[in-house]
Amino acid sequence: MLSSLTGELYALLSAAGSAAGQLLIGTAEKKLSVFTINITKTSIALLCLSLMRWAVAGTALPLGIPKPAWIFLTLSGMIGYVFGDMLYFGSYRYLGVRIAMVVMSASPLITAWLAYLVFGQTMRAMDFAAVVVVVLGVCMVLLGSGRTQVVGKRKYFRGILFALLGAMGQSGGVIFSMLGMSHIAAAGSALIAAQIRLIGALACYLAFFLFSQNRERLAVDIQQRSAMCFLALGAVCGCFIGVTSALESLRYVSAGVSAAICSVSPVMVLPFSAWILHEKIRFVEVAGSLLCVAGVGFFVL
């Protein structure tokens, strides 16, 4: 029971970090390209993790890690950070930060299903009901947002598609992270796993940087100092605190439970969305977001 509570608290910390990170990155997104956002936040998060590893373990490099762990965690970074994040942050332009985050709340259902297929992890009837409630809350927010009147139906549904594909990428990343972490017996395995994931993602982004036209846009984006500051803070909150805490929670609770608790980020971001981004929030969106929280509450019963 105590270990489960520890995992749930780590997942809640991840949700808080992700909420702060997405809000800050959403502010930066208005002036920066998706590529600039991803390569910058990945680089900053990797730097933070390496410094923490150096402070905790005396080395900044993930040395002595078995080859299977490297393979699975590198794939996790590519699927979760590159495929998932590129599509997810692309959905911001059509849905906005808050609604895109709510769509990502569907990730627990995908994660739980994949965990069942790969690991045979089962969920209690209460856990399954909780996932259904979370998804219902997501649907309420999407149907009541009124976003189609702002961007048009075609762009709105394109944003939903991007966000859902991003959720699939995040879920796939979680599963490959679990496969990789199963080969790491050392203390601080969550830090090591997060670090290797970021290395894999950064390798992909550097390849894109070398063989595409993103270099010119990156050079222009770097001149946007205020946006880059928001992006840097978002990387620390979301990719460093949020991701590390999420991986740590997987040591104590199932993938479905962890993903569902992490999905309360949209509720945490609601007041700041109205205050900082000046977004109009409807009652049905608040009700749907609270329903997501209620669903998460079922997991701890």
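Which helix does Ser171 lie in? Ser171 belongs to helix α8, which covers residues 153–181. The model in which this helix appears is a predicted one, and the overall layout is a useful background before returning to single residues.

The secondary structure amounts to 14 helices and 0 strands. Read along the sequence, the pattern is α-α-α-α-α-α-α-α-α-α-α-α-α-α. The protein has 301 residues, and 53% of them are buried. Of the contacts between residues at least 6 apart in sequence, 89% join residues at least 24 apart.

Ser171 can now be placed in its surroundings. Is Ser171 buried or exposed? Its relative accessible area is 0%, so Ser171 counts as buried, the limit being under 20%. The side chain of Ser171 makes a polar contact of 2.9 Å with the side chain of Thr111. Thr111 also appears in the list of residues touching Ser171 once neighbours within four places in sequence are set aside; that list consists of Ser107, Ile110, Thr111 and Leu114.

A second residue to examine is Ala201, found in helix α9, which runs over residues 189–210. With a relative accessible area of 0%, Ala201 is buried. Which residues touch Ala201, leaving aside its neighbours within four places in sequence? They are Thr42, Gly77, Tyr81 and Val82. Ala201 can also be related to Ser76: the two are 125 residues apart in sequence, while their C-alpha atoms are 8.5 Å apart in space.

Helix α9 also packs against helix α11, which spans residues 225–249. The axes of α9 and α11 are 9 Å apart, and the angle is about 125°. This angle is over 115 degrees but not over 145, and α9 and α11 are therefore oblique to each other. Their crossing is right-handed. On the α9 side, the residues involved are Ala190, Leu191, Ala193, Ala194 and Arg197, and they meet Val243, Thr244, Leu247 and Glu248 of α11. By class, the residues of this contact divide into 6 nonpolar, 1 polar and 2 charged.

Another helix pair is α2 and α3. Helix α2 holds residues 34–57 and helix α3 holds residues 67–95; their axes come within 10 Å and cross at roughly 135°. That angle makes α2 oblique to α3. The handedness of this crossing is right-handed. From α2, the contact involves Val34, Ile37, Asn38 and Lys41, while α3 supplies Tyr81, Asp85, Met86, Phe89, Gly90 and Arg93. What classes make up the contact of α2 with α3? There are 5 nonpolar, 2 polar and 3 charged residues. Tyr81 links this part of the account to the earlier one: Tyr81 takes part in the contact of α3 with α2, and Tyr81 is also in contact with Ala201.

The last residue is Glu8, in helix α1, which comprises residues 2–29. Why does Glu8 count as buried? Glu8 is buried because its relative accessible area is 12%, and the class takes in values under 20%. Along the chain, Glu8 and Tyr252 are 244 residues apart, and their C-alpha atoms are separated by 8.1 Å.

Technical notes
Residues are numbered from 1 along each chain as its sequence is written. This is a predicted model: local features need pLDDT of at least 70, side-chain atom pairs count only at pLDDT 80 or more; totals for chains, interfaces and linings use all residues. Side-chain values use heavy atoms; hydrogens and water are left out. Helices (H or I, at least four residues) and strands (E, at least two) are DSSP runs, numbered from the N terminus. Buried means under 20% relative accessible area, exposed over 50%, partly exposed in between (1.4 Å probe, protein chains only). A polar contact is a pair of N or O atoms within 3.5 Å; within protein, one must be able to donate a hydrogen and the other to accept it, and residues adjacent in sequence count only if both atoms are side-chain atoms. Contact means heavy atoms within 4.5 Å. Axes are lines fitted to C-alpha atoms, for helices over the stretch in contact, and angles run from 0 to 180 degrees between N-to-C directions. Angles under 35 degrees count as roughly parallel, over 145 as roughly antiparallel, 65 to 115 as roughly perpendicular and the rest as oblique. A crossing is left-handed if the near helix is turned anticlockwise from the far one by less than a right angle, and right-handed if clockwise. Ala, Val, Leu, Ile, Met, Phe, Trp, Tyr, Cys and Pro count as nonpolar, Asp, Glu, Lys and Arg as charged, and the others, Gly among them, as polar.
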